[in-house]
Amino acid sequence: MSSLVWPIMNEAVEPVLEDSLERQNRFISGNLRRIFLLVYRMVGNVADAQDLTQEVFVKALQRRDQLKDEEKAAHWLSRIATNTAIDFLRRHGRVAFCDLDDMPERAGSSPLESPEARVLRAEREAILEGGLETLTARERAALLLRDVEGLPAEEVARHLGCSKATVRSHIANARVKFRRYLSRRKA
Amino acid sequence: MKHPAETALSLYAGGDLGWWTRLGIARHVRQCGPCRRQVETFHTMCEMLQAEREELPSGLEWSEAAAAMRANIRLGIAAGECVAEPPEPRRSPWRPALALPVLLLIVAGVILESLPPAANRTPAPVRTGGALVLDASPAGIGVERDGRGFQLLRPAAAESVEVSVRGDSVRSRYIDGETGQVTISHVYAE
């Protein structure tokens with residue numbers, strides 16, 4: 001469990017360097033999709049999510065000597081991603097989601113996926129994004145980390161740098177707002 | 001009947017309450033239809049969020065996007081290493097031990113610098129083989145034997161005077177304060 005993730009690059013001789021690069025690539029590949037989706041749910045925009053995901057990995061890998069074991073590295077990465085997305089939302093304000101009609105055709109979808117399935121999928125996505133848009137940045141982060149990532153409330157509190165009571169308040173408010181949004185949408 | 005707050009029901013549905021509060025709400029929910037339905041909608045909502053966990057946004061070609069991100073990450077790391085400050089050199093443990101001798105040298109230098117110039121110190125007359133006397137003083141330099149000799153006097157306008165006796169010779173160096181002309185006189189005894 002507590003294997004070193006990367007040796008320090010400055011001291012690396014060639015095989016160690018190769019090993020380090022291989023581990024680095026493995027780390028990126030193993031976490032890229034998860035982090036991208038977390039950031040995307042937070043900011044609601046593919047282009048910004050891509051930029052921020054890159055920023056998160058660069059930040060993490062520049063401080064790779066702080067990473068001691070792989071399990072903690074994944075949590076640490078999620079924390080960097082959450083904070084990076086929150087900072088972005090603070091700087092740029094609320095995100096704007098595009099309308100369902102404006103959404104591009106899913107180029108990467110399976111050709112076997114029926115048009116109906118595609119429409120249903122786009123609708124689910126629109127519901128999720130619309131619901132998340134009603135939340136503040138911290139509420140959104142708390143809800144995503146707790147209900148989507150499945151982290152316990154204590155871990156979410158550590159990610160967001162606040163108390164467990166505060167994070168429970170964020171989670172509760174987010175769930176209530178999201179439920180009200182769903183009710184309004186159904187009505 | 002008093003109903004729990006909606007926020008409390010949402011925390012109950014997500015399993016985020018302490019056991020005592022959870023027990024109280026569970027008892028209420030068993031008896032109250034509207035609260036039970038609210039809890040069910042919270043459950044459904046959580047399931048929906050979890051189902052969307054792995055869903056990529058519409059229109060995104062993941063393999064292309066992932067390749068582009070990987071390339072940019074590598075580029076970012078390489079760029080960061082280029083502009084990173086060089087690692088701070090390790091402090092040698094004996095560096096403090098060097099400080100004392102250096103400090104002593106500086107103090108010695110200051111003391112020597114503060115000493116009056118050689119001109120103010122009159123070298124003692126030097127007697128060489130027999131009765132020959134070499135004399136150097138701020139007034140000038142000279143040679144004397146058996147009560148006879150000569151003296152090169154210091155010019156009146158000389159501001160800086162330096163006289164010295166070395167072996168069988170005596171030397172003076174004057175600088176004229178008005179013209180800056182330097183006069184060096186060197187007298188050898190034979």
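**Notes on a predicted two-chain model**

1. Let's start with chain B and how its contacts are spread along the sequence. Taking contacts in chain B between residues at least 6 apart in sequence, 37% of them join residues at least 24 apart. Keep in mind as you read that this is a predicted model. For chain A, counting contacts between residues at least 6 apart in sequence, 63% join residues at least 24 apart.

2. Next, what are the chains built from? Chain A has 7 helices and 0 strands, so to speak a run of α-α-α-α-α-α-α when you read along the sequence. Chain B has 5 helices and 7 strands. From the N terminus on, the order in chain B is α-α-α-α-α-β-β-β-β-β-β-β, with the helices written before the strands.

3. How much of each chain is buried? In chain A, buried residues make up 34% of the 187 residues. In chain B, buried residues make up 18% of the 190 residues.

4. Have a look at helix α2 of chain A, residues 46-62. Here is a little check you can follow by hand: at 1.5 Å a residue, its 17 residues should span 24 Å, and the end C-alpha atoms are 24 Å apart, which agrees. Which residues of α2(A) are buried? They are A:A49, A:L52, A:T53, A:Q54, A:E55, A:V56, A:F57, A:A60 and A:L61. When you look for them on the helix, it helps to remember that an α-helix has 3.6 residues a turn, so residues three or four places apart point the same way.

5. Just before that helix sits A:G44, in the loop between α1 (14-43) and α2 of chain A. Is A:G44 buried or exposed? It counts as buried because it has 22 C-beta neighbours inside 10 Å, and the cut-off for buried is 20 or more. A:G44 and A:G130 are 86 residues apart along the chain, yet their C-alpha atoms are separated by 9.4 Å.

6. A:R41 is worth a click too. This arginine lies in helix α1 of chain A, and A:R41 counts as buried, with 24 C-beta neighbours inside 10 Å. Which residues does A:R41 contact, leaving aside its neighbours within four places in sequence? They are A:L132, A:L144 and A:V148. Of these, A:L144 is 103 residues from A:R41 along the chain, with the two C-alpha atoms separated by 7.6 Å.

7. Set A:R158 beside that. A:R158 lies in helix α6 (residues 153-160) of chain A. With 15 other C-beta atoms within 10 Å, A:R158 is partly exposed. In sequence A:R158 and A:R79 are 79 residues apart, while in space they are 8.3 Å apart, C-alpha to C-alpha.

8. Now for helix packing. Two packed helices are described by the angle between their axes and the distance between the axes. In chain A, helix α5 (residues 137-148) and helix α7 (residues 164-186) pack at an angle of about 90°, with their axes 8 Å apart. That makes α5(A) roughly perpendicular to α7(A). On the α5(A) side you'll find A:R138, A:E139, A:R140, A:A142, A:L143 and A:R146. They meet A:V167, A:H170, A:I171, A:N173, A:A174, A:R175 and A:F178 in α7(A). By class, the contact of α5(A) with α7(A) divides into 6 nonpolar, 2 polar and 5 charged residues.

9. Chain B has a helix pair to look at as well. Helix α1 (residues 6-13) and helix α3 (residues 33-51) of chain B pack with their axes 9 Å apart, at an angle of about 55°. α1(B) and α3(B) are therefore oblique to each other, and α1(B) passes α3(B) in a right-handed crossing. The contact uses B:E6, B:L9, B:S10, B:Y12 and B:A13 from α1(B). From α3(B) come B:C35, B:Q38, B:V39, B:F42, B:H43 and B:C46. The contact of α1(B) with α3(B) has 7 nonpolar, 3 polar and 1 charged residues.

10. Last, where do the two chains meet? 31 residues of chain B are in contact with 35 residues of chain A. On the side of chain B that touches chain A, α1, α3 and α4 (62-83) each supply at least two residues. α4(B) gives the most to that side, with 10 residues. By class, the side of chain B that touches chain A has 14 nonpolar, 10 polar and 7 charged residues.

Key:
Residues are numbered from 1 along each chain as its sequence is written. Chains are lettered from A and ligands numbered from 1 in the order in which they are written. This is a predicted model: local features need pLDDT of at least 70, side-chain atom pairs count only at pLDDT 80 or more; totals for chains, interfaces and linings use all residues. Helices (H or I, at least four residues) and strands (E, at least two) are DSSP runs, numbered from the N terminus. The expected span of a helix is 1.5 Å times one less than its number of residues. A residue is buried if 20 or more other C-beta atoms lie within 10 Å of its own, exposed if 12 or fewer, and partly exposed in between; C-beta atoms are placed from the backbone. Axes are lines fitted to C-alpha atoms, for helices over the stretch in contact, and angles run from 0 to 180 degrees between N-to-C directions. Angles under 35 degrees count as roughly parallel, over 145 as roughly antiparallel, 65 to 115 as roughly perpendicular and the rest as oblique. A crossing is left-handed if the near helix is turned anticlockwise from the far one by less than a right angle, and right-handed if clockwise. Two residues are in contact if their C-beta atoms, placed from the backbone, lie within 7 Å. Ala, Val, Leu, Ile, Met, Phe, Trp, Tyr, Cys and Pro count as nonpolar, Asp, Glu, Lys and Arg as charged, and the others, Gly among them, as polar.
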